[in-house]
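Work through the exercises below with the model open. Each task is followed by a stepwise solution.

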Amino acid sequence: MAILIIAEHNNQSLKSETLKVVQAATAIGGDITVLVAGFNSAATATEAAAIAGVTRVLHADNAAYEHQLAENIAALVTELGKDYSHILAAATTTGKNFLPRVAAMLDVAQISDVIAIESADTFVRPIYAGNAIATVKSADAIKVLTVRPAAFREAQTGNNAPVEALTAVHDAGISRFVTQELTKSERPELTAARVVISGGRGMQNGENFALLNGIADKLGAAIGASRAAVDAGFVPNDMQVGQTGKIVAPELYIAVGISGAIQHLAGMKDSKVIVAINKDAEAPIFQIADYGLVADLFTVLPELEQQL
Amino acid sequence: MKILVPVKRVIDYNVKVRVKADQSGVDLANVKMALNPFCEIAVEEAVRLKEAGSATEIVVVSIGTTAVQEQLRTALALGADRALHIETDQNLDSLQVAKLLAKVVAEEQPGLVILGKQAIDSDNNQTGQMLAALTGMGQGTFASKVQLADGKVQVTREIDGGLQTVELPLPAIVSTDLRLNEPRYASLPNIMKAKKKPLDVKAADSFGVSLSSNVTVLKVVPPATRQGGIKVESVAELVDKLKHEAKVI
């Protein structure tokens, strides 16, 4: 078995998702090749070579790969991928963007969002926003998978695999990078945060979301919201946690003034510890919360901030 | 310019999903079905582009049993001009769907294809990217803004940690994310009008595309259930439990 992993990085450094994908690949078994496609990304290739279990690193360094444009990366990966039994990438917005394109060009299916490896051809993945878990078997010659990073731990480091430079350039010429604005927040991203605190309709208005700030600062938490809070216009919908929003699985999830509609639960029920704060003792959120506090959030939140 | 909008009929997002006892899949008998939320956003975007004068015709297409005509009528009521139903009883994977859609693209020659980034049943997030690969077009996935100008489309994409804008020559494929727009509700007069709009039916096996998949579902099970925990009496008790029992802070 030969596995190709496409590294997730920002040219300067490798992202931790890549280590998790390597961990998933180790469960499949076989030689692991990591492809670093980027521009001025030599340091990233060196980092990839240090991951335990990696056999070799392929380094494609060209302006065409600088912004991970799907059209160019997919052309490169399709060319290389023919020699492998498995092609893996993280189920991030980057991996989700280019990998289906690769699968279609190789005329094989893609298995999305793999959360467990049963064997070299059998994989487990959530469907219906995690409300059902499917085990699927692929008979394709090349298995193309995106791996959900939250489901795997990071591979160890302490290796010195050989790095091979690739010279062929694949510039499809059908897409052009214009700009990129990365949110400059002191807070972690919702999907990567160790702690998430979310507000619901019980917050009553957008200004009251400020009550969550101090707690989030103290816990290093990301701030989310329920669909009800988004639909009511309290906060923008990039904060939405739920079936149609972001799916999160942090170590600690604090639901404040959230009743616990199915829609919302689908986005956070895999969190390790769930805390619910709601004045309605009958709210469905309490059925899945590890710790429930039946109280008025406007008295609880300042108290909580003070006691942390 | 013509816009093609592929749409999918899925379980309504408010319905509680139940897995069948024989582990063969999810129970869809007598369950409320609806237009996939991301597809609804795709239809809305196409309608807005037409209202802005950037598009002249909106064609919606859906693949499945006769039941999908209900969702095609919904799309027509929201403002699409005509519909194509590709009829099949088979459950298709994204690759097969993309292959059928590529045939439709070849026939209809749209200037733009807008579709949802993923369906909330299979959660694959693949069809748009695969269609782009098969048609050789550029792809603007997870769009939160779409701007047409000079035979090109600028797509602002929701990426982890922020936004990225790319420019693609037309024709191109755009897949929608949540922030792109807020879909309207169909008005009663428009629902009535939609009943008279053209809806063609073609058999899926008439497209010369292999509909068989190499992926088999071995079983579908409910997720591990969560046990409800305890109620705490005060903030102090909560903080204490989180520190000393759960050890997460």
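**Exercise 1: a helix pair**

Helix 3 of chain A and helix 4 of chain A are oblique to each other. The model is a predicted one.

Task: Justify the word "oblique" for helix 3 and helix 4 of chain A, then describe their contact.

Solution.
- Step 1. Locate the helices: helix 3 of chain A covers residues 70-81, and helix 4 of chain A covers residues 93-105.
- Step 2. Take the geometry. The two helices pack at an angle of about 45°, and their axes are 8 Å apart.
- Step 3. Apply the cut-offs. Angles under 35 degrees are roughly parallel, and 65 to 115 is roughly perpendicular. The angle of about 45° fits neither class, so the pair is oblique.
- Step 4. Add the handedness: helix 3 of chain A passes helix 4 of chain A in a right-handed crossing.
- Step 5. List the contact residues. Helix 3 of chain A brings A:Ala70, A:Ile73, A:Ala74, A:Val77, A:Thr78 and A:Gly81. Helix 4 of chain A brings A:Asn97, A:Phe98, A:Arg101, A:Val102 and A:Met105.
- Step 6. Sort this contact by class: seven residues are nonpolar, three polar and one charged.

**Exercise 2: burial**

Task: How many residues of helix 3 of chain A are buried? Then turn to helix 1 of chain A.

Solution.
- Step 1. Ten of the twelve residues of helix 3 of chain A are buried, and the helix is mostly covered.
- Step 2. Name some of them. The buried set includes A:Glu71, A:Asn72, A:Ala75, A:Leu76 and A:Leu80.
- Step 3. Compare with the helix contact. A:Ala70, A:Ile73, A:Ala74, A:Val77 and A:Gly81 are buried, and these residues also meet helix 4 of chain A.
- Step 4. Move to helix 1 of chain A, residues 16-28. Its buried residues run from A:Glu17 to A:Ala25, with A:Lys20 and A:Gln23 among them.
- Step 5. Check what follows. Just after helix 1 of chain A, A:Gly29 has a positive phi of about 90°.

**Exercise 3: domains and chains**

Task: Describe how the domains of chain A meet, then how chain A meets chain B.

Solution.
- Step 1. Set the bounds: domain 1 of chain A is 2-166, and domain 2 is 195-307.
- Step 2. Their centres, taken over C-alpha atoms, are separated by 33 Å.
- Step 3. Count the contact: four residues come from domain 1 of chain A and seven from domain 2 of chain A.
- Step 4. Classify the domain 1 side: two nonpolar, two polar and no charged residues.
- Step 5. Go to the chain contact. 74 residues of chain A touch 67 residues of chain B.
- Step 6. Find the leading element. Helix 4 of chain A gives the most to the chain A side, with eight residues.
- Step 7. Classify that side: 35 nonpolar, 24 polar and 15 charged residues.

Methods:
Residues numbered from 1 in each chain as written. Chains lettered and ligands numbered in written order. Predicted model: local features only at pLDDT ≥ 70, side-chain atom pairs only at ≥ 80, totals over all residues. Axes fitted to C-alpha atoms, helices over the stretch in contact; angles between N-to-C directions. Helix = DSSP H or I, 4+ residues; strand = E, 2+ residues; numbered from the N terminus. Parallel < 35°, antiparallel > 145°, perpendicular 65-115°, else oblique. Left-handed = near helix turned anticlockwise from the far one by under 90°. Contact = placed C-beta atoms within 7 Å. Nonpolar A, V, L, I, M, F, W, Y, C, P; charged D, E, K, R; others polar. Buried ≥ 20, exposed ≤ 12 C-beta atoms within 10 Å, placed from the backbone. Domains from an automatic or database assignment.
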